[in-house]
Amino acid sequence: MNAPRDLAAGLRAPELAARLRAARTAFAAQPFPDARQRRDRLDRLLRVLDDEGGFVAAVDADFGHRSAHETRLAELYVVATEVRHARRHVERWMRARRVPTPLRLWPGYARIVPQPRGVAGIISPWNYPVQLALAPVAAALAAGNRVLLKPSELTPATSALLAARIAAHFAPDEVAVVEGDASVGEAFSRLAFDHLFFTGSTAIGRRVALAAAEHLVPVTLELGGKSPALFDDDADFARLAPRLAVGKLLNAGQTCIAPDYALVPRDKVDAFVAAVGAAVERLYPPARRAIDYTTIVSEGHHARLRALVEDARARGATIVPLGDGAMGGPDSGRASGGHARHFTPTLIVGVDDSMAVMREEIFGPLLPIEAYDGLDDALRRINARPLPLALYWFGDRRRHLARVLRETRAGGMTVNDTLWHFAHEGLPFGGVGASGYGAYHGEHGFRTFSLDKPVFVQRRVAPSRLLNPPYGATFERMLALLRRLRL
């Protein structure tokens, strides 16, 4: 990244630094909020969500068309659930935890004290502009931190509403929203936060990590990647294809943990294509398509998806538009009454690694189908690629599932469905390798934004003094005893 210049489209670097100083000063005056104060902040974060209609309209405006049902479920409901979960458990999470003390250190004892890190910076993406902004805020507040939030410039209406709603319920030095373009985000990532949390692409994540390293700021990176959906040879397509289609087409595929490609037994590819096509017809009947099916966020992203399809076609793949091809895309016009950026759900059959669609994260309603020959071949293909954010396995053979669990690595996994590991507050959500590092959700989010401070308490009488200098016979006898007892 280059040093930030004049940030005409948002706050200048000195103004950003001033906001950080104000938050840091406020934190210094209250470095360990009690449980009552943390619950109060979480209650106010819940009230930010009270304007359901406003958020639905803002997200719809930013996308061109976003299903109101998807916004209410995948944005507002998910955040509210996360906040309420934190509110119920925060007092327990913040308690000091005793840890066992070895005999050689008796009668002293030890504990771990979760301590707020200070001021957290959060950079959130455009694809779920409410959920992926406020869920990390909830974790940071539960942990007792102050927060600066930089939402995406690609969803300006939602970012503006977030800024207004948060300003109505929080002091500027408590939680504040920083609006602006990519140059503002660049300057934001260079601030000396006590923790920086980024959700977005792997390419930008690398740049954020490098910027944060300037001040040795610890970073959580929630990235993406090509998440495989592996169908075993006994998978019931009729039962499981709708579950795959829901995970793929939620938000028109603009989801970091959407299945990015399907691995299917070579002799069952045709049956799989038919099953997924039938599932899409049922999920998005003609009368509901323009209402329930979300558009692509920008013309640039729409053009990128068209280019992926054309590249695959040119390299020999078979392109199969679904839903009778009436939702818009490279092979059809837009749906009647729909939006120009609707993109038809499209299967791409006969893919190989020469195609861009198998090298890049798709972030749209395209599903490449890769044929495989036996489980060994499927696992080899998965493991030859960068580590994914999610992995999905479909089938009934427990022995095959055990192999997939043992022999693959991914940020998370759902079996015989998609996405649901993300929705479980008791499970950590995060990536591995190129799909990111660090995790959040529930208590794991609290731990991410806390410093586990180790504390050892020595008693008035401490036998450890027998190991003190000046060294002599007493020291030798004590060391020999410790070695003999293996303490």
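In this predicted model, the second largest pocket is lined by 31 residues, and those that lie nearest its centre are L73, A74, L250, L419 and W420. The volume of this second largest pocket is about 770 Å³. Three helices, α4 (68–93), α5 (131–142) and α9 (237–249), each supply at least two residues of its lining, and among the contributors to this lining α4 gives the most, with eight residues. When the lining residues of the second largest pocket are divided by class, 16 are nonpolar, nine are polar and six are charged.

The largest pocket holds about 1000 Å³ of space. Its lining is made up of 45 residues, and G200, S201, T202, A203 and I204 are the ones that lie nearest the centre of the pocket. At least two lining residues are supplied by each of the helices α7 (182–189), α8 (202–213) and α12 (299–314), and also by the strand β6 (195–199). Of the elements that line the largest pocket, α8 accounts for the largest share, with six residues. The class composition of the lining of the largest pocket is 20 nonpolar, 13 polar and 12 charged residues.

Beyond the pockets, the model contains an open sheet of seven strands, in which the pairing is mixed and the strands follow the order β10-β11-β12-β9-β8-β13-β14. The edges of this sheet are formed by β10 (318–321) and β14 (412–415), and because each of these strands has a single partner, one side of each is left without a neighbour in the sheet. On average, and with direction ignored, neighbouring strands of the sheet are turned by 20° against each other.

Within the sheet, strand β9 (residues 261–265) and strand β12 (residues 366–372) run parallel and are joined by four bridges. In one pairing between these strands, A262 has I369 of β12 as its bridge partner. The helix α9, which also supplies at least two residues of the lining of the second largest pocket, lies across four strands of the sheet, namely β8 (228–231), β9, β12 and β13 (390–394), and runs at about 180° to β8. The helix α9 is thus described both by its contribution to the lining of the second largest pocket and by its placement across β8, β9, β12 and β13.

Note on methods. Residues are numbered from 1 along each chain as its sequence is written. This is a predicted model: local features need pLDDT of at least 70, side-chain atom pairs count only at pLDDT 80 or more; totals for chains, interfaces and linings use all residues. Side-chain values use heavy atoms; hydrogens and water are left out. On a 1 Å grid over the protein atoms alone, a cavity is a set of points where a 1.4 Å probe fits but cannot get out, and a pocket is an open set with protein on both sides within 12 Å along at least five of seven lines; lining residues have an atom within 4 Å of a point. Grid points are joined across faces, edges and corners, and a volume is the space filled by probe spheres set on the points. Ala, Val, Leu, Ile, Met, Phe, Trp, Tyr, Cys and Pro count as nonpolar, Asp, Glu, Lys and Arg as charged, and the others, Gly among them, as polar. Two strands pair if DSSP finds at least two bridges between them. Axes are lines fitted to C-alpha atoms, for helices over the stretch in contact, and angles run from 0 to 180 degrees between N-to-C directions. Contact means heavy atoms within 4.5 Å.
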